[in-house]
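Some terms used for protein models rest on fixed rules. Below, each term is set beside its rule.

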Number of protein chains: 2
Amino acid sequence: MTTTPRLEIEYCTQCRWLLRSAWTAQELLTTFSDELGEVALVPGTGGVFTIRLDGELLYSRAESKGFPELADLKRLVRDRIAPHRSLGHSEKGAR
Amino acid sequence: MTTTPRLEIEYCTQCRWLLRSAWTAQELLTTFSDELGEVALVPGTGGVFTIRLDGELLYSRAESKGFPELADLKRLVRDRIAPHRSLGHSEKGAR
């Protein structure tokens, strides 16, 4: 019963990253309300903070050390599900 | 790649119920962080506010008119995924 594109945020409950995850989810659902099928919050442990889009790894804290910049994350999502969308001022000076 | 038990909140984007949905998701993930596999936020239209647990309908705004009381919703979820858990003071005087 999942809806695609499915974005998944797995977060460490021990690290108390629920609020960060929920904020990220809301930002993505605000920007891509017509394009995203769903955003799933997945409780995990052991310092995990991993973001996947339809199974493809977009971000892993273990690999990248630290957290994703929201503008960078939106570009990663945009490139995959809405390639012709402009993200407005957040793209000015994009890497 | 979903994790069960899966709770799903489908909300109307036109009605701007993202914040309400995200708040509900965070409340449930705070209370049931060890029991829930995931909570999915699913953008919808047409006044929808529907909550399902592993496909079972727990709450539908169309049927119930209005929104669920969080304590009631937590009891519905608890009865299904953590039947022996007490919900503390919110159960005092429960209907």
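The questions that follow deal with the contact between two chains and with some backbone angles.

This is a predicted model, in which local features need pLDDT of at least 70 and side-chain atom pairs count only at pLDDT 80 or more, while totals for chains, interfaces and linings use all residues. Residues are numbered from 1 along each chain as its sequence is written, chains are lettered from A in the order in which they are written, and side-chain values use heavy atoms, without hydrogens and water.

Q: What makes a residue part of the contact between chain B and chain A, and how many does each chain give?
A: Contact means heavy atoms within 4.5 Å. Chain B gives 25 residues and chain A gives 25 residues.

Q: How much area do chain B and chain A bury between them?
A: Buried area is the accessible area (1.4 Å probe) that two parts lose on being put together, summed over both. Here that comes to about 1,700 Å², 63% of it on carbon and sulfur atoms.

Q: Why is the meeting of Glu38(A) and Arg6(B) called a salt bridge?
A: The rule asks for a side-chain nitrogen of Lys or Arg within 4 Å of a carboxyl oxygen of Asp or Glu. The N to O distance between these two side chains is 2.8 Å, so the pair is a salt bridge by that rule. Across the interface of chain B and chain A, the rule finds two salt bridges.

Q: What makes E2(A) and E2(B) a strand pair?
A: Two strands (DSSP runs of E, at least two residues, numbered from the N terminus) pair if DSSP finds at least two bridges between them. Three bridges join E2 (residues 38–44) of chain A to E2(B), so the two strands pair, and they run antiparallel. In E2(B), Ala40(B) is the bridge partner of Ala40(A).

Q: How do you know how the two copies are related?
A: The copies are superposed by least squares on the C-alpha atoms of residues with pLDDT of at least 70 in both. A turn of 180 degrees and a shift of 0.0 Å along the axis lay chain B on chain A with an RMSD of 0.0 Å. The two copies are therefore related as by a two-fold rotation axis. Of the residues of chain B, Ala40(B) comes closest to that axis, at 2.0 Å (C-alpha).

Q: Why can the copies be said to meet through the same surface?
A: They do so because 100% of the interface residues of chain B are also interface residues in chain A.

Q: What makes the phi of Asp54(A) worth a remark?
A: Most residues other than glycine have a negative phi. Asp54(A) is not glycine, and its phi is positive, near 45 degrees.

Methods:
Helices (H or I, at least four residues) and strands (E, at least two) are DSSP runs, numbered from the N terminus.
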